[in-house]
Every structure is written in structure tokens, then in C-alpha cells.
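Please read the following briefing alongside the sequence and the coordinates. It covers charged pairs, nonpolar packing and model confidence, in that order.

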Amino acid sequence: MKPRSQDQSDAELVRAIAQGDERALAAFYDRYASILFGLLLRILNDRSEAEDVLQEVFLQVWQEAERFDGARGRPFTWLVTIARSRAIDRVRARNSRDRKEMQASRSSWSETDEITQQLSRTEEREIVRRALAEIPEEQRDVLLLAYFEGLSQSEIATRTGAPLGTIKTRMRAGLRRLREILREKITEGRR
Amino acid sequence: MSRMKRMKHEDFSEMLELEALGVLDQAQSEALRRHLEECDVCRAELRELRDTAAMLAHLAPPIAPAKETRARILERVRRSRLSPAESSASEEAITASPPRSFWLKWGLLAASLVVIICLALLLILWRERQRLSAELAQAERTERQLRTELDRERELRALLAAPQTRVIELEGTQVAPHARAKLAYDARTGRAILFATNLPPTPAGKAYQLWFIMSSGEAMPGDVFKAEKGDIETSFFIPPIARNAKAFALTLEPAQGTRVPTGEKYLLGSNS
């Protein structure tokens with residue numbers, strides 16, 4: 001008997017999508033649309049544009065599910081990577097005036113208070129939020145600037161006033177530290 | 001590039017976090033990709049780092065997109081299944097702004113069709129109105145004509161039925177031997193009707209004029225008439241003094257008429 005879409009794992013859903021199962025795509029959408037839309041809104045700061053990109057993302061999922069290689073990463077990572085890179089591309093395509101306005105509107109994004117104020121209803125979100133709170137502030141800031149602002153290494157260096165080498169070090173250390181903390185927290189959660 | 005060729009595993013290993021965060025430039029990213037094809041360790045490491053970076057997406061508060069977005073995606077998917085060619089074509093359109101361009105395109109097409117249909121309907125209605133107006137005008141003309149004829153018939157019948165009505169027959173002279181006319185008039189009211197046939201058509205600048213020949217032999221001028229096709233059918237009033245005329249005559253005169261007869265007589269009849 002065929003399992004119901006909502007009971008299937010992400011990998012099973014992607015395999016079904018690759019075989020042309022529209023219900024699997026709908027289930028994948030229902031599972032992640034809100035998380036992706038929140039991410040797109042965070043990056044783009046424009047609801048209409050975020051809706052556009054959300055459609056692009058799921059159509060790309062539909063068209064490229066066949067080529068998805070589970071050995072290279074989780075379906076969620078694949079999905080988020082598509083969404084983020086499309087959104088960042090759009091941000092980079094905007095003219096400098098728009099970009100300045102957008103940056104000004106998000107000037108407080110990298111502040112710890114804002115991150116801790118974002119109340120989470122989902123387990124993953126709570127875990128990530130807690131993990132990030134354990135990372136040194138200067139590492140956390142560069143991770144968030146890179147991830148949500150789509151800034152290059154040199155742009156982050158300019159923005160923070162730190163040398164390029166330092167920025168690279170902070171990014172590398174920050175992401176590795178985040179990985180370790182997440183591993184611990186996920187392991188704790190399973191006990 | 002030559003510098004990248006000399007890069008060691010450790011150098012690439014240090015690039016993995018930056019690649020996972022998407023901050024490597026294109027050349028660095030390409031060099032790393034080539035290394036990953038050969039290095040299982042780096043590949044596994046990058047996979048984990050990418051999973052970690054993707055977890056950052058959870059920091060943004062989840063927000064439900066518009067309900068229509070889901071329907072639009074599924075609709076697009078269905079359409080792409082129906083037509084594979086359209087799928088690749090639509091992907092470019094989707095990248096630009098799929099739902100808006102889609103609805104805008106079809107919306108404009110639908111609006112254009114509505115405008116064209118409205119214009120066509122207006123044209124049809126306008127033509128119909130023109131046709132009906134023309135028909136109405138024709139009907140009104142016919143009605144006026146019929147009413148005039150009916151009035152004349154009634155007038156003639158009333159005139160002929162009245163005891164004081166006199167009917168005079170006029171005959172053609174040598175100038176118009178086949179011409180004939182009847183003049184009926186009410187001796188009390190002066191209302192008169194003249195029917196004339198077989199007269200020569202009225203020449204340009206001329207008109208037939210009626211004359212009342214009194215007992216004294218004097219000719220009193222009457223109305224002028226046109227006989228386009230040789231016929232006259234008209235009604236008029238005879239002044240009281242002329243109602244006892246001895247005879248009636250029709251001459252050809254200048255179009256505006258004259259005070260005394262100058263032209264030849266065409267018709268002549270006595271009031272017996």
C-alpha cells in the first residue's frame with residue numbers, strides 16, 4: 001500500500017516528485033513552504049518578490065528532482081540552497097539605491113536581541129536559535145551577514161571593518177562551531 | 001589559476017565552510033568543484049557543512065505564503081506535463097515573474113477580446129439603429145404621403161358630396177388638344193381641387209396659371225401650378241369674387257404668374 005504523502009520522508013517525497021507525482025510535490029510544498037517563504041521574505045524584504053521566488057523554487061524542484069543526489073546532501077538542504085541562491089541573485093541584481101534601502105531596513109538583523117526575540121514554534125528553529133546563541137558574537141554576525149544578506153567576504157569585511165582574513169576565519173570557525181553544537185543538541189533531543 | 005593548480009587538500013579544506021555559506025567567488029568555487037570530484041573526504045565534509053548552513057534558514061520566522069501560490073505552482077506543473085516544450089519555455093517566464101506575467105498576459109488578452117466584442121456589438125447596434133432610423137423615416141414619409149392622399153380623398157369626397165359644389169370640365173385647346181381637367185369648388189367656402197392631365201410638361205421658367213373669366217370679360221388672375229409630367233393635382237382656394245366666374249382658363253405664363261394673361265390658353269371650361 002502506498003504511504004500517505006504526509007507520512008513520507010523528504011527523500012521519499014523527492015523520489016516520488018522525480019517520478020512525476022504531483023501530490024508528492026504538494027506535500028513537499030505543504031511541509032516547507034512557510035519556512036522557505038519566511039527565509040525569502042527575510043532576504044528579499046518584499047512579499048510579492050518572495051512569492052515569485054517561492055514559485056520558481058518549487059518549479060525547479062519539480063524539474064530537477066530526477067537529478068537530486070541524496071548522497072550529496074539532505075533534501076531540505078537542497079531545497080533551501082535553491083531558495084537562498086535564487087533570492088540572493090535577485091538581491092544582487094537590484095540597483096544600489098534599492099539595496100541601500102533594504103540594508104537600512106535590516107540594520108538590526110545581526111543583533112543578538114532580535115535573534116533571541118524571534119520566538120520559535122518549531123523544534124528545529126529553537127535548536128538553531130539556541131545553538132547560535134552559544135557562538136561568539138563576532139562569528140554569529142558574519143554567518144548571518146553571509147547567509148541572509150548574501151554579502152561577499154570582502155563586503156562583510158567592509159561592513160564590519162575587520163580584515164578579510166579575519167572574516168574568513170570567523171566564518172569558518174562559526175560554521176564549524178554551529179555544526180558541533182547542533183550535533184550535540186540533536187543528539188540530546190534524541191535521548 | 002596557476003596558484004589554484006598548486007593548491008593542496010588543506011587549502012581546499014579551508015574553503016569548504018565558505019562554499020557552504022555561498023561566499024566563494026566563481027573561480028574559487030570552480031576549483032573546489034574539481035577537487036571534490038577526487039576527494040571523498042572533502043565531499044563528505046562539505047555535505048555536512050551545507051546541512052549546517054541550511055539550518056540557518058530556520059532562524060527566519062516561518063510565514064505562510066498566499067494560498068494562491070500553491071495552486072499556481074500546481075497549475076504550472078500540470079501545464080508543463082501537458083506540453084514538455086512549454087515547460088522549458090515557461091521556465092524562463094517563471095524566472096522573470098511567472099504569476100504576474102501569466103495573469104497579465106491572459107488578462108490583457110481577455111480584456112482585448114472583451115473590447116473587440118464590445119466594439120463589434122456597438123457597430124452592429126449602430127448599424128441596426130441606422131437601418132431602423134432609415135426605415136422609420138421611410139415609414140414616416142409613406143405615412144405622411146398616405147395621410148395627405150387620404151386627406152385629399154376625404155376632401156374630394158366632402159367637396160363632391162356638398163350640394164353647393166360645382167364641377168367644371170376644362171378641355172384642351174388647339175395648343176393641347178388631348179389635355180383635360182376637372183375643377184371642383186365649393187361655392188360657399190371657395191375650397192377647390194384641380195385635376196389636369198395630358199398637358200405639355202411645364203417648360204423651365206414657366207408655370208400654368210388659372211384665370212377666372214368674369215361676366216364683364218375681365219380675366220382675374222388665379223394660382224400658378226407646375227405640371228412636371230403633364231399632370232396637375234392640387235387643392236387651393238378661390239376668392240369669393242371669382243366664385244361666380246363665367247369661365248375658367250389655364251394659360252402658360254412666367255413662373256411667378258402675371259396680372260393679365262400673356263401666354264396661350266391650354267385649357268378652357270365654362271361655369272354653367
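**Salt bridges, nonpolar packing and confidence**

Over all chains, the structure holds 28 salt bridges. The model is a predicted one, and the mean pLDDT of chain A is 82, with 81% of that chain's residues reaching 70 or more. The largest nonpolar core has 87 residues, while a second, separate core has 28 residues.

**Charged pairs**

- In chain A, the side chains of R159(A) and E149(A) meet in a salt bridge, with an N to O distance of 3.9 Å. This pair links distant parts of the chain, since R159(A) belongs to helix α9 (residues 153-160) of chain A and E149(A) to helix α8 (residues 137-149) of chain A, ten residues apart.
- The two partners of that bridge can be described by their accessibility: R159(A) is partly exposed because its relative accessibility is 39%, whereas E149(A) counts as buried because its relative accessibility is 5%.
- In chain B, a salt bridge joins the side chains of R43(B) and D40(B) at 2.4 Å, N to O. Both residues lie in helix α5 (residues 40-55) of chain B, where R43(B) and D40(B) are three residues apart, about one turn of the helix.
- Within this pair, R43(B) has a relative accessible area of 36% and is therefore partly exposed, whereas D40(B), with a relative accessible area of 52%, is exposed.
- Another salt bridge of chain B brings together the side chains of R131(B) and E135(B), at 2.5 Å from N to O. These two residues are four residues apart in helix α8 (residues 98-161) of chain B, so about one helical turn separates R131(B) from E135(B).
- R131(B) counts as partly exposed at 38% relative accessibility, and E135(B) is partly exposed as well, with a relative accessible area of 42%.
- Salt bridges that share partners also join R172(A), R176(A), R179(A), R183(A), E17(B), E45(B) and E48(B) into one network.

**Nonpolar cores and surface**

- Inside the core of 87 residues, those with the most contacts are L25(A), F28(A), F58(A) and M171(A). Helix α2 (residues 22-44) of chain A gives the most to this core, contributing 16 residues.
- When residues up to four places away in sequence are left out, F58(A) touches L25(A), F28(A), Y29(A), A33(A), L36(A) and L79(A), and also I73(B) of chain B.
- The separate core of 28 residues includes A181(B), A192(B), A196(B) and Y266(B).
- In soluble globular proteins, nonpolar side chains tend to be buried together. On the surface of this model, however, W106(B), L109(B), L113(B), I117(B), L121(B), I124(B) and L125(B) form a nonpolar patch, which together has about 720 Å² of accessible area.
- One of the patch residues, L121(B), is found in helix α8 of chain B and is partly exposed, with a relative accessible area of 48%.

**Confidence in chain A**

- Among the elements of chain A, helix α3 (residues 47-64) of chain A has the highest mean pLDDT, 94, and helix α6 (residues 112-117) of chain A the lowest, 34.
- Over residues 105-121 of chain A, pLDDT stays under 50, although the model has 33 contacts beyond four places in sequence for these residues. Where pLDDT is low, the predicted coordinates should not be read in detail.

Key
Residues numbered from 1 in each chain as written. Chains lettered and ligands numbered in written order. Predicted model: local features only at pLDDT ≥ 70, side-chain atom pairs only at ≥ 80, totals over all residues. Heavy atoms only, no water. pLDDT = per-residue confidence, 0-100. Contact = heavy atoms within 4.5 Å. Salt bridge = Lys/Arg side-chain N within 4 Å of Asp/Glu carboxyl O. Buried < 20%, exposed > 50% of the residue type's maximum accessible area, 1.4 Å probe, protein only. Core = buried A, V, L, I, M, F, W, Y, C linked by side-chain atoms within 4.5 Å. Patch = residues over 30% accessible without salt bridge, like charges linked within 9 Å, V, L, I, M, F, W, Y side chains within 5 Å. Areas by Shrake-Rupley, 256 points an atom, 1.4 Å probe, with all protein chains shown as cover.
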